[in-house]
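Trainee: Please take a close look at one part of this model, the paired charged side chains. Then follow the chain from there to whatever else is worth describing.

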Amino acid sequence: MFSLSGRTALVTGSSRGLGHAIAEGMAQAGASLVLNGVDKARLKQRAKGLREKGYTVHEAAFDVTDEAAVLAAFTKLDEDGIDVNILVNNAGIQLRKPLVDISIDDWNKVINTNLTSSFLVGREAARRMIARGRGGKIINIGSLTSEAARATVGPYTTAKGGIKMLTRAMTAEWAEHGIQANAIGPGYMATEMNKALLENPSFDAWVKGRTPARRWGQPNELAGTAIFLASSASDYVNGQIIYVDGGMLAVL
Ligand code: GCO
């Protein structure tokens with residue numbers, strides 16, 4: 001029930017970080033991949049690496065915040081006969097700055113990349129899943145900040161809170177079409193985006209003290225939950241957010 005063979009997963013922002021780890025995990029479970037990123041060279045290089053491991057990998061370089069680019073990307077997938085039946089809305093950026101110092105451009109960039117993109121890509125994927133009548137899986141990547149705020153990451157927190165409720169909005173409308181929309185809330189993971197935090201001794205100590213598991217998470221530790229939510233094992237799971245956080249949100 002955990003096999004993804006015969007399924008195709010589009011993972012946004014999958015040329016590095018959590019997206020790449022989730023994509024590789026899904027490929028290990030049998031999925032064909034559509035890798036996405038805006039850096040064509042990096043995308044090409046990462047796709048090549050996965051193909052060398054024997055996985056089936058398509059590349060779709062497009063900006064998830066650009067509606068026209070999203071529409072064009074899905075038209076191309078249609079033309080190439082690639083049916084996306086698993087969508088992972090992972091693409092995201094971080095901006096660490098006090099709210100009083102955030103410009104409207106800063107704000108819009110984070111909200112567009114971390115939230116609106118999931119609507120744009122999710123809408124196109126769902127239109128096709130509904131038209132095909134064979135259901136599908138949508139996995140939105142939230143955050144600890146889908147549940148609790150941390151100072152200086154206001155736009156990110158707001159977007160990730162929206163991801164939790166967008167997941168439920170998708171459930172309200174798409175579950176009857178056999179689409180299971182759920183979310184994953186990663187804890188503090190050792191990624192490029194968190195490099196500055198990992199290298200900050202006091203922040204590193206805070207994460208290890210505040211997390212019951214007493215360590216940072218590794219990107220590949222999200223793959224199991226992603227595979228579960230992408231597989232038949234979760235066909236009656238809708239509108240949930242599963243925190244993969246070493247227990248951080250479970251304790252005071
Ligand atoms: C930060 C981090 C967090 C984590 C993650 C936690 O600045 O606090 O970037 O946002 O990356 O989102 O779930």
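Mentor: In this predicted model, Arg127 and Glu124 sit three residues apart in helix 4 (residues 104–132), so about one helical turn separates them. Their side chains meet in a salt bridge, with an N to O distance of 2.7 Å. The two partners differ in how much solvent-accessible area they keep. Arg127 is partly exposed, at a relative accessible area of 48%, whereas Glu124 is buried, at 3%. Because the cut-off for buried is under 20%, Glu124 falls into that class with its 3%.

This pair belongs to a wider arrangement: a network of salt bridges links Glu67, Asp78, Arg123, Glu124, Arg127 and Arg128. In the whole structure there are 17 salt bridges. As background, side chains of opposite charge can pair when their charged atoms come close.

Two other pairs are useful for comparison. Lys208 and Asp204 form a salt bridge at 3.0 Å, N to O. Both are in helix 7 (residues 201–210), four residues apart, which is about one turn of the helix. Lys208 is partly exposed, with a relative accessible area of 35%, while Asp204 is buried, at 17%. Arg215 and Glu221 make the other pair, bridging at 2.7 Å, N to O. Here Arg215 counts as partly exposed, at 41% relative accessibility, and Glu221 is partly exposed too, with a relative accessible area of 33%.

From the charged pairs, move on to helix 8 (residues 223–230), which contains Thr225. Thr225 counts as buried, at 17% relative accessibility. Leaving aside residues up to four places away in sequence, Thr225 touches Ile184, Ile242 and Val244.

Ile184 leads into the interior. With residues up to four places away again left out, its contacts include Ile139, Ile141, Leu222, Ala226, Leu229 and Ile241, along with Thr225. Ile184 is also one of the residues with the most contacts inside the largest nonpolar core, a list that further holds Leu4, Met26, Leu33, Leu35, Val88 and Ile139. That core has 29 residues. At least two of its residues come from each of strand 1 (8–11), helix 1 (17–28), strand 2 (32–37), helix 2 (40–52), strand 4 (86–89), strand 5 (136–141) and helix 8. Helix 1 gives the largest share, five residues. Apart from this core lies another, of 25 residues, among them Val70, Phe74, Ala125 and Met129. In soluble globular proteins, nonpolar side chains tend to be buried together.

Ile184 also touches Ser143, and Ser143 takes us to the ligand. A polar side-chain atom of Ser143 lies 2.9 Å from a ligand oxygen. For Arg96, the distance from a polar side-chain atom to an oxygen of the ligand is 2.7 Å. In the side chain of Gln94, an N or O atom is 3.1 Å from an oxygen atom of the ligand. On its own the ligand has 330 Å² of accessible area, and the protein covers 98% of it. Around the ligand are 13 residues, of which Arg96, Arg150, Tyr156, Pro186 and Tyr188 come nearest.

Definitions and conventions. Residues numbered from 1 in each chain as written. Predicted model: local features only at pLDDT ≥ 70, side-chain atom pairs only at ≥ 80, totals over all residues. Heavy atoms only, no water. Salt bridge = Lys/Arg side-chain N within 4 Å of Asp/Glu carboxyl O. Buried < 20%, exposed > 50% of the residue type's maximum accessible area, 1.4 Å probe, protein only. Contact = heavy atoms within 4.5 Å. Near = heavy atom within 4 Å. Polar contact = N/O pair within 3.5 Å; in protein donor to acceptor, adjacent residues only side chain to side chain. Areas by Shrake-Rupley, 256 points an atom, 1.4 Å probe, with all protein chains shown as cover. Core = buried A, V, L, I, M, F, W, Y, C linked by side-chain atoms within 4.5 Å.
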